[in-house]
Structure formats: C-alpha cells, structure tokens
Amino acid sequence: MNKRIVVALLLTVLFSLFAGAACAQEQNDGKYFTIVDENGVTVYITGWSVRVGDQFLTDKNIRYEVTSIEGDIAHAKKIGEVNLSQYLPPSESEPGLFSGLLKTRVAKAQGGKVAVYHTHSDESYVPTDGKESILGAGGIYKVGNAFTTALQSKGLEVIHSQAKHDPHDDMAYERSRRTVVDLLKQQPAAIFDVHRDAVPPQVYKGTVNGQDVSKVQLVVGKYGPTGKQIEDYALQIKAASDKQHPGLVKGIFFAKGGDYNQDLHPRSMLLEVGAHTNDRASAERGVALFADVIPTVLGTSSAAPTAQNGAADVGTAATGPSGATKSIGWIVGLLVVGVAAFMFLSTGSLKEAGAKIKQFTSTEFANFLAPKKRQSDEEKSKDTKKREDQE
C-alpha cells in the first residue's frame, strides 16, 4: 500500500512539472513579482510568473538573472551592462548621420508587411475600460488599432487580426497559434502579439518626447530553436528605441521556459503596452511612438533564415512544433513513467521490474514478430517452388 502511495505521489509531481513546463508563464491572480538585486534594491517589477533562471534587461540596459524566489520577491544577480550600440549598424551609431539614415530605412520599409494579433483578447485598462478583462472585446484591440494606424503612417502594410482567444488561460497560446499560422500565409516581415501587463501604474508610467505615455516591455521566450534569434531581435528593437525614443522601452523579460509562438517566425515579438492600471489613451500614445522604431529595425535586422539554418521559413505555415505535438511528447513521457510504476508495483522491486521489462522486450517482441517472419519464409518458399514448376 505504501508503495502505491509513493508511486502515485511521484506521478503527480511529474505531471505537475510537465504541465508547468508546457504552459504560459503569466500570473492571473492579480499578484506581481518584485525583483531585487544583491543589495535588496528593487531593479524590476513584472506581472509575469518569474522562475529561477529567468533573465531581464532593465531600462538602463543592465542584465540580471533570477537566482532565488521567496513568495512574490525574486532575488537576482547582476550579469553586467549591455552595450546596445553593437545591435545598431555602425553608421547609425554616429549622431550626425542618424536622422538621415532613419529616413532611408523608412523608405526601404515602404511596402513591407507587419502582422498584429492578441493572444489575450480580453485584456483591458481599468481607468478607461472600467474593468481589467472584457471577454471578446478587450481594450487591447484599440491599442492594437493605434499601433496599426501608426505603422501604416510609416508606409507599412498591416494585418491586424481580430481573432478571439478567450478565455484567458494557459491554453490561450495554443488557440492563438492557429491565428499565427494563418497570418504567416501572408508572409509578414514581422509579427507582434500585443498585450498589457498587470502591475501598479507607476511601473509603466512615463514621459517621452513631452508626452505622458505607458511604456512598452518586450518578452522573449527562450524555449525553442529560434530563442537566441528572438533574443537578438529584441535587443535590436530596444537599441533602436533607445536611440529614437529614450525611456520608451521599460525593459526586456527573458522567460527561460516559454516560447509564446515565437518559434514560428524569426521576427516575432510579444509586447506589453502598459498595465491594467494605466489608462488606455496613454497606452495608445506609447505604442504609436513604438511604431516609429519598426521601420528602422526591419531595415537593419538580418534576413530571416531558411529552413536549412534550423530556423523558421516564414513562407511556410507548418513551421515549428505545434502545441499538440509538444502535448503528445508529454503524454508519451507520462506513459513511460506509468508503465515503469506499474512494473514496480507488480514485482515489488526495481531489479525484478528490470528483469520483466528485459523478458518482455526479448521474448514477447520476438514472439510477436515471429509469425510475421514465418509467414515471410513461407511466402518465399512458395515463390521458389512456383519458379521451379514454371521452369
């Protein structure tokens, strides 16, 4: 009886670990994480569910890594300062040339295509929308509209998906994945999943170019084959934003275990525009300023790699492992664990369980395959006899 309880607990823990690794990492309980450095000084605040190993880049371009978590407080060590000028073309780092080159980059971006969608279609802004969540009609769509309009004013073609992915749960990214696949059929040069965060208003409140705005946070999933490429892309975006609109990008959150459908496109980015505590108008102003950065990045970012390079081919919808494929992997893993647990319970020891498994693979499989082999031998014998009779 005790053995059964131990195995059941083991399976429960394994299932929880697998499920946690597969789901999104956003908190839905109204709490948020405060991240402090080695001296206990607050260096970052986010509504994302922080885990040990996650990293983030502050607005001052200092990179940290989370080392431990106590409740809603995450402790982080400083990795170092990041020089973002390396993510800009050398000529653009020269102040006198930047203005003229920006116009050139915008001209090159004319006719480019950008896709915008919303995984969490319920997200809203309390001061403006009256509540933080409105199923199927979140205020986030209006922020997406402001982003779309600003991008179009730069000469970009924009596909703004109105697809709904409610409810706001761990499967929302699986539902929005189908939306991304549909958008990829139109071969966009970049794709943005627009969200809002869930933290106190002062975290995103700022003044940029004399305007009161809600700042923008970039979120990068480290899981998947395009993780490093998406990371570099995010750093390019912040470098360009710091150059054009200093202070607009609040920072970059590098989630160790997430992907957020970023494996489907090498220029896929998740944006957090303000929080539910900010008014929507300030979020619209912030995202409109952020749109100024996109033509620059699209004109300077490296070309999308081909499938031979191990990354996504943006012209193919069926790129990257689907959420269903990942789920099958977890199911197979759980099945293996379950079989091992059953063998342990039925034999009473790991040694006997191993012997049973060995016997099954050597004897049962042989017996299963033997009839097929005998059938094949009989067919060969008949063919030989037939040829002899004909001769």
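**Figure 1. D242 and K238 in helix α6 of the predicted model.** D242 is partly exposed, with a relative accessibility of 21%. Its salt-bridge partner is K238, and the closest N and O atoms of the two are 2.9 Å apart. K238 is buried, at 0% relative accessibility. Both residues belong to helix α6, where they stand four residues apart, so about one helical turn separates them. Elsewhere, D129, R280 and E284 are joined into one network by salt bridges that share partners.

**Figure 2. A second salt bridge in helix α6, between K228 and D232.** Helix α6 covers residues 227-244, and K228 and D232 are four residues apart in it, so they too are separated by about one helical turn. The closest N and O atoms of this pair lie 2.9 Å apart. How exposed or buried is K228? With a relative accessibility of 51%, K228 is exposed, because the cut-off for that class is over 50%. D232 is partly exposed, at a relative accessible area of 22%. Side chains of opposite charge can pair when their charged atoms come close.

**Figure 3. The salt bridge between D292 and K154.** The side chains of D292 and K154 meet with N to O at 2.6 Å. This pair links distant parts of the chain, its two residues being 138 residues apart. D292 lies in the loop between α7 (280-291) and α8 (293-300). K154 lies in the loop between α4 (140-153) and β7 (157-160). D292 has a relative accessible area of 18% and is buried, because the cut-off for buried is under 20%. K154, with 24%, is partly exposed. In total, the structure holds 10 salt bridges.

**Figure 4. The tilted ring pair of Y173 and Y260.** The structure holds eight aromatic pairs. In the pair shown here, the ring centres of Y173 and Y260 are 5.4 Å apart. Their planes meet at 55°, so the pair counts as tilted. Which parts of the chain does the pair link? Y173 is in helix α5 (residues 172-184), while Y260 is in the loop between β12 (249-255) and β13 (268-275), and the two are 87 residues apart. Y173 is buried, at 7% relative accessibility. Y260 is also buried, at 4%. Ring pairs link these two residues with W48 and F253 into a cluster.

**Figure 5. Lysines over tyrosine rings.** The charged end of K164 sits over the ring of Y141, at 4.1 Å from the ring centre. K250 lies over the face of Y44, and here the distance to the ring centre is 3.7 Å.

**Figure 6. Strand β13 and its partners β8 and β11.** Eight of the eight residues of β13 are buried, so the strand is largely enclosed by the rest of the structure. Strand β8 (residues 190-197) pairs with β13 in the parallel sense, over six bridges. One of the residues facing β13 is D197, whose bridge partner is A275. Strand β11 (residues 216-221) runs antiparallel to β13, and four bridges join the two. V219 stands opposite L270 of β13. In a regular strand the side chains alternate between the two faces of the sheet.

**Figure 7. N209 and its surroundings.** N209 lies in the loop between β9 (205-208) and β10 (211-214). N209 is exposed, with a relative accessibility of 51%. Which residues does N209 touch, not counting residues up to four places away in sequence? They are H245 and L289. N209 and Q244 are 35 residues apart in sequence, and their C-alpha atoms are 9.8 Å apart in space.

**Figure 8. The whole protein, for orientation.** The protein has 10 helices and 13 strands. Of its 391 residues, 45% count as buried. The exposed area is about 19,200 Å², of which carbon and sulfur atoms supply 56%. Among contacts between residues at least 6 apart in sequence, 71% join residues at least 24 apart.

Terms used. Residues numbered from 1 in each chain as written. Predicted model: local features only at pLDDT ≥ 70, side-chain atom pairs only at ≥ 80, totals over all residues. Heavy atoms only, no water. Salt bridge = Lys/Arg side-chain N within 4 Å of Asp/Glu carboxyl O. Buried < 20%, exposed > 50% of the residue type's maximum accessible area, 1.4 Å probe, protein only. Phe/Tyr/Trp six-rings, centres within 6.5 Å; stacked < 30°, edge-to-face > 60°. Lys NZ or Arg CZ within 6 Å of the ring centre and 35° of its normal. Contact = heavy atoms within 4.5 Å. Areas by Shrake-Rupley, 256 points an atom, 1.4 Å probe, with all protein chains shown as cover. Pairing = 2+ DSSP bridges.
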